[in-house]
Amino acid sequence: MKLHHYAAALVAISTVGIASTAVQAAEEVNIYSYRQPFLIKPFLDEFTKRTGITVNVVFAKKGMAKRIQSEGKNTKADGILTADIARLKAHADAGLLQPVKSAVLEKNIPAHLRDPGNQWFGLTKRARLIAISKDRVKAGSIKSYEDLADPKLKGKICTRKGSHVYMRALVASMVAAHGEAKAEKWARGVVANLARKPQGNDRAQVKAVNQGVCDVAVINNYYYGKMKFNKKKKEQQEWAKSVRLVFPNQADRGTHVNISAAAVTKYAKNRDNMVKLLEFLSGDFAQAMYAEQNYEYPANPNVPTDKEVASWGKFKEDRVSLKKIADLSPTAQKIVDRVGW
Ligand code: FE
């Protein structure tokens, strides 16, 4: 298939779903996904079982928006599954998505987690947390993102690069809360407190705390679970053990959250099936399973959080619209560039 020659980063790992001979060539839906097979296969199979619609998935590591763009009207993608508002924004800005009016989605997904123009819908939430050394930082001494700029933390903080989408969204949330000038002052303060040049991914920051390089890290909540229960790389269990999680800003606006999300492409051939899939993904069955697989939080407020994840702490989330975070991301990037994060 021509598709597969397109880009090395895009690999069709598997075709998910049931193609029984009886319903062959019947209903189908084709999605491009940044979300990994292990996360989504269980509930996509259930969707097929319930609806008879076969789901074909092309998994991608990068380059999805570019690919859909160059495929134009001939794209096979009826929809996309992706994580992070920045990637959604890239698709929306390029005009690759179409609006979906659905009472089910409006009921299941809170307004701040979906596009006001109905072009994308958040399915799971991830919280950006502060992880502090159990040994070297007093519990309760850091309560907010604002605290990270306190000069008393000089030389004690580790983060990944400020230009990474997770950090950029956090900076955007600071702009939303305080305005550009104050957010920049804050970012400058955090950079002044860094123990080392920003490097590595979220988990690498917790490793650095474990190794005494710094005392405070910033991570997405699900990495804590991925480390705590890592059977292949047991050392990561030790990294997780060395930190305590802080849900920032509980006394005011709440903890910054980002989303994984889904959308219907502009030239979807199986649009109605994709909408059915979106609605299914926003419902009880898929929500619980999707969130639990990756230690995330269901976007649907009526679906309970997985027990393990819930045990890390109940928290209030910043309910600023993710659309606003997306809109502020260029401003956030400029701040990151100016302060050298
Ligand atoms: Fe991640």
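The legends below describe close-up views of a predicted model.

**View A. Packing of helix 1 against helix 11 in the predicted model.** Helix 1, which spans residues 37-51, and helix 11, which spans residues 284-293, have axes that come within 8 Å and cross at roughly 165°. Because angles over 145 degrees count as roughly antiparallel, helix 1 and helix 11 are described as roughly antiparallel to each other. The crossing in which helix 1 passes helix 11 is right-handed. On the side of helix 1 the contact is made by Phe38, Leu39, Ile40, Pro42, Phe43, Glu46 and Arg50, while helix 11 contributes Phe285, Ala286, Met289, Tyr290 and Gln293. Sorted by class, the contact of helix 1 with helix 11 holds nine nonpolar residues, one polar residue and two charged residues.

**View B. Packing of helix 5 against helix 13.** The axes of helix 5 (residues 165-178) and helix 13 (residues 322-339) lie 7 Å apart, and the two helices pack at an angle of about 100°. Since an angle of 65 to 115 degrees counts as roughly perpendicular, helix 5 is roughly perpendicular to helix 13. From helix 5, the residues Arg168, Ala169, Val171, Ala172, Ser173, Val175 and Ala176 meet Lys324, Ile325, Leu328, Ser329, Thr331, Ala332, Gln333, Ile335 and Val336 of helix 13. By class, the residues of the contact of helix 5 with helix 13 comprise 10 nonpolar, four polar and two charged.

**View C. Surroundings of Lys89 and Pro330.** Lys89 is found in helix 3, which covers residues 85-93, and is classed as buried because its relative accessible area of 18% falls under 20%. When neighbours within four places in sequence are left aside, Lys89 is in contact with Ala326, Ser329 and Pro330. Of these contact partners, Pro330 has its place in helix 13 and is partly exposed, with a relative accessible area of 39%. Pro330 and Ala169 are 161 residues apart along the chain, and their C-alpha atoms are separated by 9.9 Å; Ala169 is also one of the helix 5 residues that meet helix 13.

**View D. Coordination of the iron ion.** The iron ion is coordinated at 2.0 Å by the OH atoms of Tyr166, Tyr222 and Tyr223. In sequence, the donor residues of the iron ion follow the spacing Y-x55-Y-Y. Tyr222 and Tyr223 are both buried.

Definitions and conventions:
Residues are numbered from 1 along each chain as its sequence is written. This is a predicted model: local features need pLDDT of at least 70, side-chain atom pairs count only at pLDDT 80 or more; totals for chains, interfaces and linings use all residues. Side-chain values use heavy atoms; hydrogens and water are left out. Axes are lines fitted to C-alpha atoms, for helices over the stretch in contact, and angles run from 0 to 180 degrees between N-to-C directions. Helices (H or I, at least four residues) and strands (E, at least two) are DSSP runs, numbered from the N terminus. Angles under 35 degrees count as roughly parallel, over 145 as roughly antiparallel, 65 to 115 as roughly perpendicular and the rest as oblique. A crossing is left-handed if the near helix is turned anticlockwise from the far one by less than a right angle, and right-handed if clockwise. Contact means heavy atoms within 4.5 Å. Ala, Val, Leu, Ile, Met, Phe, Trp, Tyr, Cys and Pro count as nonpolar, Asp, Glu, Lys and Arg as charged, and the others, Gly among them, as polar. Donors are N, O and S atoms within 2.8 Å of the metal (3.2 Å for Na, K and Ca); water is not among the atoms, so sites may look incomplete. Buried means under 20% relative accessible area, exposed over 50%, partly exposed in between (1.4 Å probe, protein chains only).
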